[in-house]
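Let's walk through a protein model together, one piece at a time. Keep the picture open beside you and follow along.

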Amino acid sequence: MQLTPKSELDARIAKLQQLIAAADMDGVIILQNADLFYFTGTIQQAHLYVPAAGKPIFMVKKNLNRALDESALEEIVPLANLKEIPDLLATYGHRNLNRLGFELDVLPAALFLRYQKIFAPAQATDASPLIRRVKMVKSDYELGLLRESAQMTKTAFTKVKEYLREGVAEFELAAQLELTSRLMGHQGMIRSRGFNQEIALHLMAGPSLGVLSYMDTPLGGPGLSPALPQGAGARKIQRDEPVMLDYGGVYEGYVTDQTRTFCLGRLPEKMTRAYDATVEILEMFRQKATPGASCADIYEQAVTMAAAAGLGGNFMGYPQGVTFIGHGLGIELDEWPVIAKGFDMPLEAGMVVAVEPKFIFPEWAVGIENTFVIRDHGPETITEFEEGIIYL
């Protein structure tokens, strides 16, 4: 188990405090798991108060002992009841609060209404954009964890040749690869900030690749039941069809994302031509993704390239594709920035993004995905594996 260093937590909180002060807030209360882990180094049933200036206060209901063991923050105190928070903050000098920030993009409405009563007459405002801005540029410490995560996906992809055979069910192959990753320390789940966006291992083949789902992703998949209708199903994999593995490694909480297309036998020309177009779009990203480049502009160029290849109607989904080709990564799968329509934020050195050009058809799909670190000279690929169609 690796604990987040105090210097790392201090740097993150200092960045957040600068944004809190600029937004004219008194402070921010954080309670979502991923954000708690980022700013405290642990996940407990707790509230973290980050004032515009001064030390943060970590108020823990359950489990205080683990919080003391796992977090390097200085002020870690017990909390029995939410109603105690204002008085507890007052003992640290935080009285007469006027504007408090909350994670309104993920906070349940019932809790929001409760906090409004507890902190009245303070105004509750949305602090989630501030939090997401701090998280989107990674430190060297975080990049080290992401590299370990990338090695996890590389090992899993290497194992495909051992387990992929004609007649194996999609979920059986997925289970073998999940076991490989779990034995390497994969935490067994991938966090997503999006509402109702649970994540399953997306391993599908042939017609399963064209099965639609509710997910805000280019690929859907049948899943094993309507209870989780996405990802690998019970269909048996055949020869001469695409097998796509869209997989997230997780090391010490940090996620990387990678997709490769495999095949037992050979794929027909129409599929290889579509795959070549995905590689060309990925190469365009490598050329364009320098600090200052617009996320929206890169997305629009990818759409233009897909249309020029005669595949625009199948780009990033079918019959209606998602309006992004890349997404930020970190503790969550869907962090900022997003290489998406209308997302005009410029790229910065230290951002980490997964770029996933894919073409989806009713009976098949092909695609590729890598995770990149934005550098001054251009993106650095950290998910290394053969980038052509992998024939077995």
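Which residues are exposed on the other side of H10? Hold that thought while we look at the helix itself, and keep in mind that this is a predicted model.

Helix H10 covers residues 269-288. With 20 residues at 1.5 Å a residue, H10 should span 28 Å, and its end C-alpha atoms are 29 Å apart, which agrees. Now look at which of its residues are tucked away: Met-271, Ala-274, Tyr-275, Ala-277, Thr-278, Ile-281, Leu-282, Met-284 and Phe-285 are buried in H10. They cover an arc of only 165° around the axis, so they sit on the same side of H10. Why can residues spread along a helix share a side? An α-helix has 3.6 residues a turn, so residues three or four places apart point the same way. And here's what you were waiting for: on the other side of H10, Glu-269 and Gln-287 are exposed.

So what does H10 lie across? The helix lies across strands E11, E12, E15 and E16, running at about 15° to E15. Those strands belong to an open sheet of five, in the order E11-E10-E12-E15-E16, and the pairing is antiparallel. At the edges stand E11 (335-340) and E16 (378-381); each has a single partner strand, so one side of each is left without a neighbour in the sheet. If you go from one strand to the next, the twist averages 30°.

Let's zoom in on one pair. E12 (residues 352-355) and E15 (residues 370-375) run antiparallel, and four bridges join them. Try finding Val-353: its bridge partner in E15 is Phe-372. H10 isn't alone here, either: helix H6 (residues 128-136) lies across E11 and E12. Its direction is about 85° to that of E11.

Next, go to the edge strand E16, where you'll find Gly-378. Is Gly-378 buried or exposed? Its relative accessible area is 3%, and a residue counts as buried under 20%, so Gly-378 is buried. Leaving out residues up to four places away in sequence, Gly-378 touches Ala-289, Thr-290 and Val-373. Take Ala-289: it is 89 residues from Gly-378 in sequence, yet the two are 5.8 Å apart in space, C-alpha to C-alpha.

There's another sheet to visit. Four strands make up this open one, in the order E7-E8-E9-E17, with mixed pairing. Its edge strands are E7 (202-205) and E17 (390-391), and each pairs on one side only. E9 (residues 254-263) runs parallel to E17, and two bridges join them. One to look for is Cys-263, whose bridge partner in E17 is Tyr-391. Helix H7 (residues 140-158) packs on this sheet, touching E8 (242-251) and E9, and its direction makes about 25° with that of E9.

Let's finish with two buried residues that carry polar side chains you may recognise. Lys-358 sits in strand E13 (residues 358-360), and at 0% relative accessibility it counts as buried. What does its side chain meet? A polar contact of 3.3 Å joins the side chains of Lys-358 and Thr-259. Asp-35, in helix H2 (residues 33-40), also counts as buried, at 0% relative accessibility. Not counting residues up to four places away in sequence, Asp-35 touches Ile-30, Glu-103, Ile-131, Lys-135 and Arg-193.

Methods
Residues are numbered from 1 along each chain as its sequence is written. This is a predicted model: local features need pLDDT of at least 70, side-chain atom pairs count only at pLDDT 80 or more; totals for chains, interfaces and linings use all residues. Side-chain values use heavy atoms; hydrogens and water are left out. Two strands pair if DSSP finds at least two bridges between them. Axes are lines fitted to C-alpha atoms, for helices over the stretch in contact, and angles run from 0 to 180 degrees between N-to-C directions. Contact means heavy atoms within 4.5 Å. Buried means under 20% relative accessible area, exposed over 50%, partly exposed in between (1.4 Å probe, protein chains only). A polar contact is a pair of N or O atoms within 3.5 Å; within protein, one must be able to donate a hydrogen and the other to accept it, and residues adjacent in sequence count only if both atoms are side-chain atoms. The expected span of a helix is 1.5 Å times one less than its number of residues. The arc is that of the directions from the helix axis to the C-beta atoms.
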